[in-house]
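Labels such as "tetrahedral" or "buried" are easy to read past. Let's ask what earns each one its place.

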Amino acid sequence: MHAWTTPAIPTIPRTEPTPRLRLTNTATGSIEEAGPTGGTARIYVCGITPYDATHMGHANTYVTFDLVNRYWRDHGLAVDYTQNVTDVDDPLLERATATGVDWTELALSQIELFRTDMTALNVIPPSNYIGAVEAIDLVTAMLQRMPEQALYRVDNDWYFDVHTDPAFGSLSKLDPATAIRISASRGGDPDRVGKRHPLDCLVWQAERDGEPSWDSPYGVGRPGWHIECAAIANHYLGNEIDVQGGGSDLVFPHHEMSSAEAKVATGEPFARSYVHAGMVGLNGLKMSKSKGNLVLVSKLRAAGTDPMAIRLALQANHYRSDWSWTDEGLAAAEERLRLWRHATDLDSGLNAAGVLAEVRGALADDLNAPAALAAIDGWASATLAVGGDDTDGPRDVAAAADALLGIKLTR
Ligand code: 5CA
Ligand code: ZN
């Protein structure tokens with residue numbers, strides 16, 4: 001499916017080589033270099049299930065990976081970015097039934113809203129934006145590449161035997177009881193009778209009354225959730241991609257399962273790094289569709305909030321931290337946006353070389369966006385306080401805010 005419009009990305013002056021990007025790899029728990037030394041970086045980020053889009057948790061995750069994308073591009077790499085849309089899955093179908101809306105219409109309208117929100121937030125679109133429905137053949141092709149013992153039937157449903165991947169569990173490192181408990185709360189069915197192991201996951205679900213289904217070598221039905229991302233990522237990006245990303249709620253079971261499935265199907269590693277953004281909450285509770293405690297990007301935009309202030313409010317938090325959305329955080333971001341616009345609107349200011357190096361250095365160091373914002377605050381406050389006669393300074397800082405941080409200061 002089509003993604004959204006690619007924004008203009010200014011180029012910014014570079015006088016010396018920029019540092020390689022380093023990110024926390026959930027698989028090892030360490031901060032490691034991410035992306036190749038040259039050529040094309042390959043990243044897959046789990047996309048939305050299209051209902052109740054786009055809340056601040058979604059926005060935070062996509063803005064986080066947009067920083068990765070922007071850093072790599074500035075560093076001279078090409079970026080091949082794939083994102084899925086889970087446009088057929090239990091929660092989407094349940095919402096469609098509950099509201100009496102056709103499931104395809106619900107998905108299409110929410111995907112369109114998401115595109116508008118991403119455009120407003122100046123997020124660079126993925127190069128491949130792929131719905132689960134359009135990837136059904138990729139899913140069955142991946143299942144057919146699996147050794148026979150990896151798949152088995154319970155009634156007419158097909159399961160993946162997670163222990164055919166000897167490294168299963170190494171990403172999330174959960175003890176078995178915790179893994180089973182979490183799996184039950186995130187779409188798994190550990191108690192189903194007939195499974196070889198409680199954590200084995202559904203890869204092809206037989207048709208149920210009133211639900212959409214497709215014909216396949218596994219019978220009439222639809223794909224399970226995890227295999228959708230394994231198949232789309234592997235088809236569009238190949239083996240051993242640089243980064244598999246998403247929010248930290250996807251570490252287990254979703255990323256553990258999808259990487260095991262891809263590894264068993266291809267015999268190759270799935271990703272070098274697994275990178276996870278923290279959870280955004282509201283009043284201390286995770287913001288989630290199931291709890292209904294949502295702050296929507298589109299509602300704020302409709303109320304006149306500048307999307308660049310929303311983006312700054314997100315980036316004021318380190319991507320790995322869990323934090324709560326607040327009115328005060330948004331007000332501080334609006335104030336910061338005013339400061340930056342005021343200083344970069346001037347005809348001259350302080351030279352930008354130092355602040356550009358600081359912003360790049362902060363981002364390269366495990367995406368320290370708060371430190372990058374503080375560097376621009378420092379330049380802006382000093383420029384407003386003492387002036388400065390560099391006629392390129394304000395323009396260079398505005399270009400860096402846009403290219404590296406996705407903050408457009410010109411209107
Ligand atoms: N379609 C699947 C992924 S294949 C899915 O998780 N969809 S979602 O709509 O529930 O979430 C979309 C993305 O937003 C995921 O990367 C998820 O980790 C992230 N996300 C969801 N809620 C939050 C939250 N409260 N804070 C931060 N990120 C979140
Ligand atoms: Zn996914």
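The questions below go through a predicted model, starting with its metal site.

Q: What makes C46, C229 and H254 donor residues of the zinc ion (ligand 2)?
A: Distance does. A donor is an N, O or S atom within 2.8 Å of the metal. The SG atoms of C46 and C229 and the NE2 atom of H254 coordinate the zinc ion (ligand 2) at 2.0 to 2.2 Å, so they meet that limit.

Q: Why is the site of the zinc ion (ligand 2) called tetrahedral?
A: Four donors earn that name if all angles lie between 85 and 135 degrees. Here the angles among the four donor atoms run from 101 to 119°, so the site of the zinc ion (ligand 2) is tetrahedral.

Q: How are the donor residues of the zinc ion (ligand 2) spaced in sequence?
A: The pattern is C-x182-C-x24-H. C229 belongs to helix 6 (residues 225–237) and H254 to helix 7 (residues 251–266), so this pair, 25 residues apart, links distant parts of the chain. Both C229 and H254 are buried.

Q: What makes the pairs that G57, H58 and T61 form with ligand 1 polar contacts?
A: The limit for a pair of N or O atoms is 3.5 Å. A polar backbone atom of G57 is 3.0 Å from a nitrogen atom of ligand 1. For H58, a polar side-chain atom lies 3.3 Å from an oxygen atom of the ligand, and for T61 a polar side-chain atom lies 3.0 Å from a nitrogen atom of the ligand. Each pair is therefore a polar contact. As for cover, ligand 1 taken alone exposes 600 Å², and the protein buries 95% of that.

Q: Which residues and elements surround ligand 1?
A: The shell has 24 residues, and the closest are G47, T86, D249, V280 and M287. Helix 1 (56–74), helix 6 and strand 10 (241–247) each supply at least two residues; helix 1 gives the most, with four. By kind, the shell divides into nine nonpolar, 12 polar and three charged residues.

Q: How do you know that D155 is exposed and E240 partly exposed?
A: Exposed means over 50% relative accessible area, and buried means under 20%. D155 has 60%, so it is exposed. E240 has 28%, which falls in between, so E240 is partly exposed.

Q: What is notable about the backbone of D155 and E240?
A: Most residues other than glycine have a negative phi. D155, in the loop between strand 6 (151–154) and strand 7 (157–160), has a positive phi of about 50°. E240 lies in the loop between helix 6 and strand 10, and its phi is near 45°.

Q: Where are the cis peptide bonds that involve T54 and P253?
A: Most peptide bonds are trans. One cis bond joins A53 and T54, with omega about -15°; T54 sits in the loop between strand 3 (40–45) and helix 1. Another joins F252 and P253, with omega about 0°, and P253 is in helix 7.

Q: Why does V123 count as buried?
A: Its relative accessibility is 3%, and the cut-off is under 20%, so V123 is buried. V123 is in the loop between helix 3 (103–120) and strand 5 (128–131). Its C-alpha atom is separated by 9.5 Å from that of N69, 54 residues apart along the chain.

Notes
Residues numbered from 1 in each chain as written. Chains lettered and ligands numbered in written order. Predicted model: local features only at pLDDT ≥ 70, side-chain atom pairs only at ≥ 80, totals over all residues. Heavy atoms only, no water. Donors = N, O, S within 2.8 Å, 3.2 Å for Na, K, Ca; no water. Tetrahedral: all angles 85-135°; square planar, octahedral: opposite > 155°, others 65-115°. Buried < 20%, exposed > 50% of the residue type's maximum accessible area, 1.4 Å probe, protein only. Near = heavy atom within 4 Å. Polar contact = N/O pair within 3.5 Å; in protein donor to acceptor, adjacent residues only side chain to side chain. Areas by Shrake-Rupley, 256 points an atom, 1.4 Å probe, with all protein chains shown as cover. Nonpolar A, V, L, I, M, F, W, Y, C, P; charged D, E, K, R; others polar.
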